[in-house]
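Reader: I should like to learn how to read the features of a protein model. May we work through one together, step by step?

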Amino acid sequence: MKKLMVSIQGITDLILMGFHQKIEMDIRPNQTIYINNLNEKIKKDELKKSLYAIFSQFGQILDIVALKTLKMRGQAFVIFKDINSANSALRSMQGFPFYDKPMRIQYSRKDSDLVAKMKGTFVERPKRKKEEEPEIKKKKKTPASQRQNAAPAPQTPAMAQVPQINPATTAPSQPPSAPAGPTTIPEQPPNQILFLTNLPEETNEMMLSMLFNQFPGFKEVRLVPGRHDIAFVEFENEVQSAAAKEALQGFKITPTNAMKISFAKK
């Protein structure tokens, strides 16, 4: 009886293996990769920036699509410029622990709209009228009864949003101190601790850890309270920190921010 159960289990496993292999064979290599099993608690903007940070090492990324709808939670698409980059990303990052969950990656079954437009094969999808009509009807009913009372209201929120841009104009008061540091720090002797500068505002500990933990000897990332543009990364010894420094020097965490790395002062 036990032998029979074992043989049945073995046959079942073989069938399942063949089924999964068939699925993988049916999906042809694509410059767009589909990722699921992502942490659903991560905000969309942070998720996209973190995905860019870890996948841009494999090649130029054209776009990252991540939606927070019920059907698309925990999923994302990374669109590379070429298929070779997508191949490398799929092989290297399969099962990578991303926000405490292993990523599951496969090729996208279809070209993204962006790629289809580049190839000249894009076909516009028909609009879903059934879902749009109820919203239009609701909008027509409410303005009819409240036009007189609601008309002046939109003007004040619009004006209230303008001051939000002002902090950007005050930001230049701090940066003058940052450029002065990196000019002298590269002359420091080798150190097991690296000093990072020119980091974008969105940088967080998880993002930097995912970049540096691929190098041997990585220990930890330390952020500086009140400063988003600098951080420290510690390795076990100077040789290991030097290897990471050379490999990630100038790495773009975002398209406009090239990371600058130097040895920290002893």
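**Strands, cores and charged pairs**

Author: Let us begin with one pair of residues: F195 has S262 of strand 12 as its bridge partner. Please keep in mind throughout that this model is predicted.

Reader: How many bridges join strand 7 to strand 12?

Author: In general, strands of a sheet pair through backbone hydrogen bonds, and the pairing is either parallel or antiparallel. Here strand 7, residues 193-197, is joined to strand 12 by four bridges, and the two run antiparallel.

Reader: What is the order of the strands in the open sheet of four strands with strand 12?

Author: The order is 8-9-7-12, and the pairing is antiparallel. Strand 8 (218-224) and strand 12 (260-263) are at the edges with a single partner strand each, so one side of each has no neighbour in the sheet. From one strand to the next, the twist averages 25 degrees.

Reader: Which helices pack on this sheet, and which strands do they touch?

Author: Helix 9, residues 205-212, lies across strand 7, strand 8, strand 9 (227-235) and strand 12, and runs at about 150 degrees to strand 8. Helix 10, residues 238-248, also packs on the sheet, where it touches strand 7, strand 9 and strand 12. The direction of helix 10 makes about 160 degrees with that of strand 12.

Reader: What is the order of the strands in the open sheet that contains strand 1?

Author: That sheet is formed by four strands in the order 2-3-1-6, with antiparallel pairing. Strand 2 and strand 6 are its edge strands, and each pairs on one side only. Neighbouring strands are turned against each other by 20 degrees on average, if direction is ignored.

Reader: How many bridges pair strand 1 and strand 6?

Author: They pair over four bridges, in the antiparallel sense. Within strand 6, R104 stands opposite N36. Two helices should be read together with this sheet. Helix 2 lies across strand 1, strand 2, strand 3 and strand 6, at about 145 degrees to strand 2. Helix 3 lies across strand 1, strand 3 and strand 6, at about 155 degrees to strand 6.

Reader: Where is N37 placed, and what does N37 touch?

Author: N37 is in the loop between strand 1 and helix 2. Leaving aside residues up to four places away in sequence, N37 touches G74, K101, P102 and R104. A polar atom of the N37 side chain lies 2.7 Å from the backbone oxygen of P102.

Reader: Which residues of the largest nonpolar core touch the most other members?

Author: When reading a core, one asks which residues belong to it and which elements supply them. This core has 28 residues, of which I33, I35, L51, F55, F80, F98 and M103 touch the most other members. Two or more residues each come from strand 1 (32-36), helix 2 (44-55), strand 2 (61-65), strand 3 (76-80), helix 3 (83-93) and strand 6 (104-107). Helix 2 gives the largest share, five residues.

Reader: Which residues does F80 touch?

Author: Not counting residues up to four places away in sequence, F80 touches Q31, I33, F55, F58, G59, Q60, I61, L62, S85, A86 and A89. Another core, of 20 residues, lies apart from the largest one, and its members include L194, L208, V221 and F251.

Reader: How many salt bridges are there, and which residue forms one with K49?

Author: The count comes to five salt bridges. K49 forms one with E202, and their closest N and O atoms are 3.6 Å apart. This pair links distant parts of the chain: K49 is in helix 2 and E202 in the loop between strand 7 and helix 9, 153 residues apart.

Reader: Are K49 and E202 buried or partly exposed?

Author: K49 has a relative accessible area of 30%, so K49 is partly exposed. E202, at 33%, is also partly exposed.

Reader: Which residue forms a salt bridge with K219?

Author: The partner is E234, with the closest N and O atoms 3.5 Å apart. K219 lies in strand 8 and E234 in strand 9, so the pair ties together parts 15 residues apart in sequence. K219 counts as partly exposed at 47% relative accessibility, whereas E234 counts as buried at 11%. Both belong to a network of salt bridges that links K219, E220, R222 and E234.

Conventions: Residues numbered from 1 in each chain as written. Predicted model: local features only at pLDDT ≥ 70, side-chain atom pairs only at ≥ 80, totals over all residues. Heavy atoms only, no water. Core = buried A, V, L, I, M, F, W, Y, C linked by side-chain atoms within 4.5 Å. Buried < 20%, exposed > 50% of the residue type's maximum accessible area, 1.4 Å probe, protein only. Contact = heavy atoms within 4.5 Å. Pairing = 2+ DSSP bridges. Axes fitted to C-alpha atoms, helices over the stretch in contact; angles between N-to-C directions. Polar contact = N/O pair within 3.5 Å; in protein donor to acceptor, adjacent residues only side chain to side chain. Salt bridge = Lys/Arg side-chain N within 4 Å of Asp/Glu carboxyl O.
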